Amino acid sequence: MIRELSFIDVLYLIAATRWTLALTAIAFAGGGLVGLAVALLRVSGLAPLRWLGGLYVLVVQGTPLLAWLFVFFFGFSIFGITVSPWIAAAASYSIYAGAFLGEIWRGCLQAIPRTQWEAGASLGLGFTQQLRYIIVPQALRLAIPPTVGFLVQLIKNTSLAAVIGFIELTREGQLTTATTFRPFTVYLIVAAIYFALCFPLTQVSRRLERRLHVAR
Amino acid sequence: MSLVELLDVVKRYGRHTVLNGVSLSVEKGEIIAIIGRSGSGKSTLLRCVNGLEPIHGGTVSFDGTVVNDPATDLRKLRQHVGIVFQSFNLFPHLSVEKNITLAPKVVKRVPPAEARQLAEAVLRKVGLAEKIDAYPDQLSGGQQQRVAIARSLAMSPQVMLFDEITSALDPELVGEVLKVLEEMARDGMTMMLVTHEIGFARKVADRVVFMHEGRIWEEGPAAATLAQPRTPELETFLNAVLH
């Protein structure tokens, strides 16, 4: 049944945004933890650990996020295990975001010259102390723009979770379109909401970068 | 027993042998200048002493501890062996004070107030007391290198290694850094320095070691060895750098 697009639909869209935000938060938190581990594996002094990290990135970057969502949500039911959509989403997004964040952060760590590690080692600092006091503080500033860039991607990629039943912003837009038949207006509103989420992030990123630069 | 002792040290990069059986002992308080063409292995030799370069044969020992023994705690060893690099390698995100106090605080657990005093003391030694709150990029090359020396001194090492520390400096800044070295020499610091400053080596070093093709080609008392080289290789080298 087709009805008029009204203010209440806009409110529904805004309400659906909370799932977009919740999914993003989970994905970024889980992905951050996994990413940190991956980045550390990739810069470790032990070759097998570096290979392990490399293999992980290779596999995850080479497979679609959609496939992970399907595996976790539908795949386990074959063994009689019911996976809630939240668990499936958290696992899939953490695996996916972890690979990309891990690569971004590895790059930032490796951008710090080897001589900085050497200078730390020569003063008697151990590996983790070199990381913590010398390498990470310098890598952090480099990491902000690409990390925020990925976060913005992540916000938009949460729409994929619609396939396992999440009615987040994009899915809500589809549903609204189906009942009002006003795709142009609806998707414009959807796009505006995404923009309202992403734009402040890029601004914060810029300010953060500037602040860390002044404080070195 | 010698403070630093290298015995038949072999080091390779792939199929290229950089150190081909190097033996050298350094006594406490001695100042050794290591000279030679680039690629002769002199920097590598220095970096073996604090275990920055793993070696493939022979032994390196410091104060009785075998550096190349996998069981040796290199972190502990490096507290006693200071090194200063050609490219300074200061930490750009930290102030001069924090550059100096990082290792004392983190490694030796020196309390913050005491660490600040320590920084002031070592900075006075290199004549940069007023730069304590500056950042590395606000300093000239010569000043940065003096801060790097101070940073090393703050760990009160028993031996200092200097890896071509004036090679990256503008000529007019070399003097201020060499002056600091001379003062350290007067204080009785044991030093091994890789250098191209032959005049300085003659003046300050007790012994000169000439490296050639991964070996110690010639060594002896600084003045005599530099005035009357026994091998044609050293003679050629000295002629090349002095003219």
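**Exercise 1. Count the cavities of 30 Å³ or more in the whole structure, then describe the lining of the largest.**

Step 1. The search of this predicted model returns three cavities of 30 Å³ or more. A cavity here is a set of points, on a 1 Å grid over the protein atoms alone, where a 1.4 Å probe fits but cannot get out; lining residues have an atom within 4 Å of a point. Grid points are joined across faces, edges and corners, and a volume is the space filled by probe spheres set on the points.

Step 2. The largest cavity holds about 70 Å³ of space.

Step 3. From chain A, its lining includes Ala119(A), Ser122(A) and Leu123(A). From chain B come residues including Gly82(B), Ile83(B), Val84(B), Phe85(B) and Arg151(B).

Step 4. Assign elements. At least two lining residues each come from α5 (114–122) of chain A, and from β6 and α5 (141–153) of chain B. Helices (H or I, at least four residues) and strands (E, at least two) are DSSP runs, numbered from the N terminus.

Step 5. Sort by class: seven nonpolar, three polar and one charged. Ala, Val, Leu, Ile, Met, Phe, Trp, Tyr, Cys and Pro count as nonpolar, Asp, Glu, Lys and Arg as charged, and the others, Gly among them, as polar.

Conventions: residues are numbered from 1 along each chain as its sequence is written, and chains are lettered from A and ligands numbered from 1 in the order in which they are written. Local features need pLDDT of at least 70, side-chain atom pairs count only at pLDDT 80 or more, and totals for chains, interfaces and linings use all residues, while side-chain values use heavy atoms, with hydrogens and water left out.

**Exercise 2. Characterise the second largest cavity.**

Step 1. Its space is about 60 Å³.

Step 2. Among its lining residues are Phe162(B), Leu178(B), Leu181(B), Leu193(B) and Phe200(B). Helix α6 and strand β8 of chain B each give at least two.

Step 3. The classes are seven nonpolar, two polar and two charged.

**Exercise 3. Place strand β7 of chain B (residues 159–163) among its neighbours, and decide whether its residues are buried or exposed.**

Step 1. Five of the five residues are buried, so the strand is largely enclosed by the rest of the structure. Buried means under 20% relative accessible area, exposed over 50%, partly exposed in between (1.4 Å probe, protein chains only).

Step 2. Check the faces. In a regular strand, side chains alternate between the two faces of the sheet. Val159(B), Leu161(B) and Asp163(B) are buried on one side, Met160(B) and Phe162(B) on the other.

Step 3. Find the partners. Two strands pair if DSSP finds at least two bridges between them. β6(B) (residues 81–84) runs parallel to β7(B) over four bridges. β8(B) (residues 190–194) is also parallel to β7(B), with five bridges.

Step 4. Follow Phe162(B). Val84(B) stands opposite this residue, and so does Leu193(B) in β8(B).

Step 5. Trace the connection. β7(B), α6(B) (residues 171–186) and β8(B) form a right-handed β-α-β unit. Right-handed means that, with the strands pointing away from the viewer, the path from the first strand over the helix to the second runs clockwise.

**Exercise 4. Which residues does Thr20(A) contact, leaving aside neighbours within four places in sequence?**

Step 1. Thr20(A) sits in helix α1 (residues 7–43) of chain A. Its relative accessibility is 0%, so Thr20(A) counts as buried.

Step 2. Contact means heavy atoms within 4.5 Å. The partners are Ile155(A), Thr158(A), Glu168(A), Leu169(A), Tyr194(A) and Leu197(A).

Definitions and conventions: On a 1 Å grid over the protein atoms alone, a cavity is a set of points where a 1.4 Å probe fits but cannot get out, and a pocket is an open set with protein on both sides within 12 Å along at least five of seven lines; lining residues have an atom within 4 Å of a point.
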